[in-house]
Amino acid sequence: MTPESRTDRLPVAVVGGGAIGPRHAQAYAATGRTDLVGVVDTVAERARAFAAEYDTAAFTSVDELLSATAPRLVSVATPPGSHLDVARELLDAGTSIIVEKPPVLSLAQLDRLADLDERSAGSVSVVFQHRFGSGAVRARELLRGGELGTPYFVLCETSWYRARSYFDPEWRGTWSGEGGGPTLGHGIHQIDLMLHLLGPWRTVDASTFRLDRPVEFEDVSLATVVFENGAVGSVINSLLSPRELTRVRIDTSEGSLEVNHLYGYSDRDWTFYPVPGGAQSLTPGADAGRDSAASGDLWSRTAGEDLPSNHEAQLARLVDDVLAGRTHEATVASSRPTMEFVTALYASAFTGRPVDRAELVPGHPFYDRLDGGLAQPEIDEIVVSGRRPS
């Protein structure tokens, strides 16, 4: 992008008028620096209703959108199974995109997306908004800088509730439509945050279970992870939890750093419990601008604006990046460790052995498909019985 092509406002569009698409439209509007030039949905009535709400044009295909408008950034908020095809059409036209989670359904698709990104005049970003809240930004800096000590153990938990009716749409609950269960479609946000804070992982050992929901995959998964830095962790994903909770906890040589929230956090959702008698006195939940200003603790010294982790946080940064011609942080490459982790979890659960990250290359049975090419009755036996293959 040349300096002459930059403007103060960015023409944007949204593909997908379901539950997530309007969140993107709202987030773009909140920046005050975008013009929503169109929305797309294959269901004409839904496209018109979406467009009417945001006073823009309605289209029923990407081709119609691109023929009538010239967005520089487009949100892809369609069902996961369609992401790659929609992305290809937009990238072939040289348009930058941001793809909702999960970005695609396999590592093979992710590598194809990376290839499309490389050949396009546009660029690809992925929705992982929990990286962009101020709590995670500071936590990452403090952990990477060693101020919080040596990481020992992490607990990454996504305990959510989705009723059986949630799976009524025909694409939900299927490998072809959703690509996977709560590990891929829900817990992936917290898995990404965990890896963003802790760094590269080495080995995953996992089990998956189908206890109640009408799906082809799991409704609960449990995993143990070993990180390259020597830390270990436990990862829990569930769609059967009426008392919903999202948590990442990191125990270090200096204390326990923890964020508890549901679908997005603010600074007040973070806490740090120092080891008894330790030197640290970190209270992320305090009012960093007032209550703890006089204490001189580490959190107050690093505090800034409290930016919640939501679509607004990431899309505001993305709009700035596109307008300035910068690469956005949540690239395809930076998302690969997260998709590798998800892949390893399924591979471990369905083969009954630990999986190393280094294994996940073309030719691996789970590289092309998260079901590993197993027949559905084989998967059913594993997830329903709860017994791992020997």
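**Exercise 1. Phenylalanine 341 and its surroundings**

Find which residues phenylalanine 341 touches, leaving aside those up to four places away in sequence, and place this residue in the nonpolar core.

*Solution.* Start with the contacts: Phe341 touches Ile191, Met194, Leu195, Trp201, Val204, Val225 and Val235. Keep in mind that this is a predicted model. Next, look at the core: the largest nonpolar core has 80 residues, and Phe341 is listed among those with the most contacts inside it, together with Ile97, Met194, Trp201, Val204, Phe227 and Phe350. Then ask where this core draws its residues from: helix H11, residues 332–351, supplies the largest share, ten residues. Finally, another core of 18 residues lies apart from this one, and its members include Val14, Ala27, Val127 and Leu323. As background, nonpolar side chains tend to be buried together in soluble globular proteins.

**Exercise 2. Two helix pairs**

Work out how the axes of H4 and H5 are oriented, and which residues make the contact. Then look at H6 and H8, and say at what angle their axes cross.

*Solution.* Take H4 (residues 83–92) and H5 (residues 107–119): their axes come within 10 Å and cross at roughly 10°. Angles under 35 degrees count as roughly parallel, and H4 and H5 are therefore roughly parallel to each other. On the H4 side the contact is made by Leu84, Ala87, Arg88, Leu91 and Asp92, and on the H5 side by Gln109, Arg112, Leu113, Leu116 and Asp117. Sorted by class, these residues give five nonpolar, one polar and four charged.

Now turn to H6 (residues 134–144) and H8 (residues 188–198), whose axes come within 8 Å and cross at roughly 35°. Here Ala136, Ala139, Arg140, Leu143 and Arg144 of H6 meet Leu193, Leu195, His196, Leu197 and Leu198 of H8. The contact of H6 with H8 has seven nonpolar, one polar and two charged residues.

**Exercise 3. Strand S7 and its partners**

Describe how far strand S7 is covered, then find the sense in which S7 pairs with S11 and with S10.

*Solution.* Begin with burial: S7 (residues 151–161) is mostly covered, with eight of its eleven residues buried. With S11 (residues 240–252), S7 pairs in the antiparallel sense over nine bridges; in S11, aspartate 251 stands opposite phenylalanine 153. With S10 (residues 232–238), S7 runs parallel, joined by seven bridges; asparagine 237 in S10 stands opposite threonine 158.

**Exercise 4. The six-stranded sheet**

Which strands stand at the edges of the open sheet?

*Solution.* Write down the order of the six strands, S3-S2-S1-S4-S5-S6, with parallel pairing. Read off the ends: S3 (58–59) and S6 (124–126) each have a single partner strand, so one side of each is left without a neighbour in the sheet. Further in, six bridges join S1 (residues 10–15) to S2 (residues 34–40), and valine 14 stands opposite valine 39 in S2.

**Exercise 5. Backbone details in two loops**

Locate the cis peptide bond, then say whether aspartate 55 is buried or exposed.

*Solution.* The cis bond joins lysine 101 and proline 102, with omega about -20°; proline 102 lies in the loop between S5 (96–99) and H5. Aspartate 55, in the loop between H2 (44–53) and S3, has phi near 55°, a positive value in a residue other than glycine. Its relative accessible area is 73%, so aspartate 55 is exposed.

Methods:
Residues numbered from 1 in each chain as written. Predicted model: local features only at pLDDT ≥ 70, side-chain atom pairs only at ≥ 80, totals over all residues. Heavy atoms only, no water. Core = buried A, V, L, I, M, F, W, Y, C linked by side-chain atoms within 4.5 Å. Buried < 20%, exposed > 50% of the residue type's maximum accessible area, 1.4 Å probe, protein only. Helix = DSSP H or I, 4+ residues; strand = E, 2+ residues; numbered from the N terminus. Contact = heavy atoms within 4.5 Å. Axes fitted to C-alpha atoms, helices over the stretch in contact; angles between N-to-C directions. Nonpolar A, V, L, I, M, F, W, Y, C, P; charged D, E, K, R; others polar. Parallel < 35°, antiparallel > 145°, perpendicular 65-115°, else oblique. Pairing = 2+ DSSP bridges.
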